[in-house]
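I set aside this session for one helix, two pockets and two single residues. The entries are in the order in which I looked things up.

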Amino acid sequence: MAEYTTRQVGAPNTLDYRVYFEKDGVPVSPFHDIPLFANEEKTILNMVVEIPRWTNAKLEISKEDEFNPIKQDTKKGKLRFVRNCFPHKGYIWNYGAFPQTWEDPGHSHPETKARGDNDPVDVIEIGEQVATVGQIKQVKILGIMALLDEGETDWKVIVIDVNDPLAPKLNDIEDVEKQLPGLIRATNEWFRIYKIPDGKPENVFAFSGEAKNKKYATEVVLETHEAWKALINNATDKKDIVTTNVSVEGSPYKVEVDDVAVTSTPAANPLPAEPIDPSVDKWFFISAHSI
């Protein structure tokens, strides 16, 4: 969306790196201020790209920082990168989230029997363009997979950029196998094995790894949108989530443009990316016995 721009602070591949969002020079939250729907019919949605295809840095919308900038995840004080599990290189799609959605940890899904993971809904965009960090794509929903991660439901919504050349031919999950044969299978494998190089067991899926269709996926997204509404209107426990916003009418967390949360947001200070440790490029060959 042209009305939203990014404000980079610091150097990629460092602990200080942040990508803020703004509209007309005023900071906005990609979690709360960017609308979920991009058209009145609610058939096209806005996706916030966190991780471009073929990159390894685990970037995500920060729940704990004012205005929820994108930053690199850490573990024990060190930056997190996903491993390359042969034959995959980094993330194999553009990865991000739907704004104004929330997987409520207080709600257990009736079919997965697991609670929400306390994040915006994850989105994988399967078009041909390699996106950029903070890009806002207009997408349509094709299907959904459900990862079960440490007792939590972690939805992965499969979408296509509406401007992609293949978008007219992709309208539901069965179209993906017709037009992009092997992608759903590779996606299933990627999520199952990507933590194995770090000594963790393979991930488990709900529905035996099946990708559910567009109707099912849309219902899940709408449910998480309703959960977000409760979050932003203080109708549920927000836990550690920063809910500051500048545009959600009726929200008790809405602030004016002269609020200290706005004025204290760091100014743009883009710096060149720091080099990534060569070990991130290593390929890991996962034995069939491992999975």
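The notes below begin with the helix and end with a loop residue.

Entry 1, the model. I am working from a predicted model, and I read every value here as computed from it.

Entry 2, helix α3. I looked up its extent first: α3 covers residues 214-232, 19 residues in total. From first C-alpha to last, α3 reaches 27 Å, close to the 27 Å expected at 1.5 Å a residue. At its start I found a side-chain oxygen of Asn213 within 3.3 Å of the backbone nitrogen of Lys215. Just after α3, Asn234 has a positive phi of about 60°.

Entry 3, the buried side of α3. I listed the buried residues, and they include Tyr216, Ala217, Val220, Val221, Thr224, Ala227, Trp228, Leu231 and Ile232. I checked the pattern against the helical repeat: with 3.6 residues a turn, residues three or four places apart point the same way. I then asked what covers the buried residues of α3. The cover includes three strands, β4 (45-51), β13 (136-149) and β14 (152-161).

Entry 4, His225. Is His225, a residue of α3, buried or exposed? I count His225 as buried because its relative accessible area is 8%, under the 20% cut-off. Leaving aside neighbours within four places in sequence, I find His225 in contact with Leu36, Phe37, Gln100 and Thr101.

Entry 5, the largest pocket. I get a volume of about 720 Å³ and a lining of 31 residues. Nearest the centre of this pocket are Lys58, Glu60, Asp73, Arg80 and Asp119. Elements giving two or more residues to the lining are β4, β5 (59-61), β7 (74-75), β10 (94-97), β14 and α2 (183-193). I note that β4 and β14 appear here and also in the cover of α3. By residue class the lining has 19 charged, ten nonpolar and two polar.

Entry 6, the second largest pocket. About 550 Å³ of space lies in this one. I count 19 lining residues, with Lys78, Leu79, Arg80, Phe81 and Arg83 closest to the centre. Eight of the lining residues are nonpolar, eight charged and three polar. I see Arg80 named among the central residues here and in the largest pocket.

Entry 7, Asp259. I placed Asp259 in the loop between α3 and α4 (260-263). Asp259 is partly exposed, with a relative accessible area of 29%. A polar atom of the Asp259 side chain lies 2.8 Å from the backbone nitrogen of Ala261. I also took the C-alpha distance from Asp259 to Val246, which is 9.7 Å for a separation of 13 residues in sequence.

Key
Residues are numbered from 1 along each chain as its sequence is written. This is a predicted model: local features need pLDDT of at least 70, side-chain atom pairs count only at pLDDT 80 or more; totals for chains, interfaces and linings use all residues. Side-chain values use heavy atoms; hydrogens and water are left out. The expected span of a helix is 1.5 Å times one less than its number of residues. Buried means under 20% relative accessible area, exposed over 50%, partly exposed in between (1.4 Å probe, protein chains only). Contact means heavy atoms within 4.5 Å. A polar contact is a pair of N or O atoms within 3.5 Å; within protein, one must be able to donate a hydrogen and the other to accept it, and residues adjacent in sequence count only if both atoms are side-chain atoms. On a 1 Å grid over the protein atoms alone, a cavity is a set of points where a 1.4 Å probe fits but cannot get out, and a pocket is an open set with protein on both sides within 12 Å along at least five of seven lines; lining residues have an atom within 4 Å of a point. Grid points are joined across faces, edges and corners, and a volume is the space filled by probe spheres set on the points. Ala, Val, Leu, Ile, Met, Phe, Trp, Tyr, Cys and Pro count as nonpolar, Asp, Glu, Lys and Arg as charged, and the others, Gly among them, as polar.
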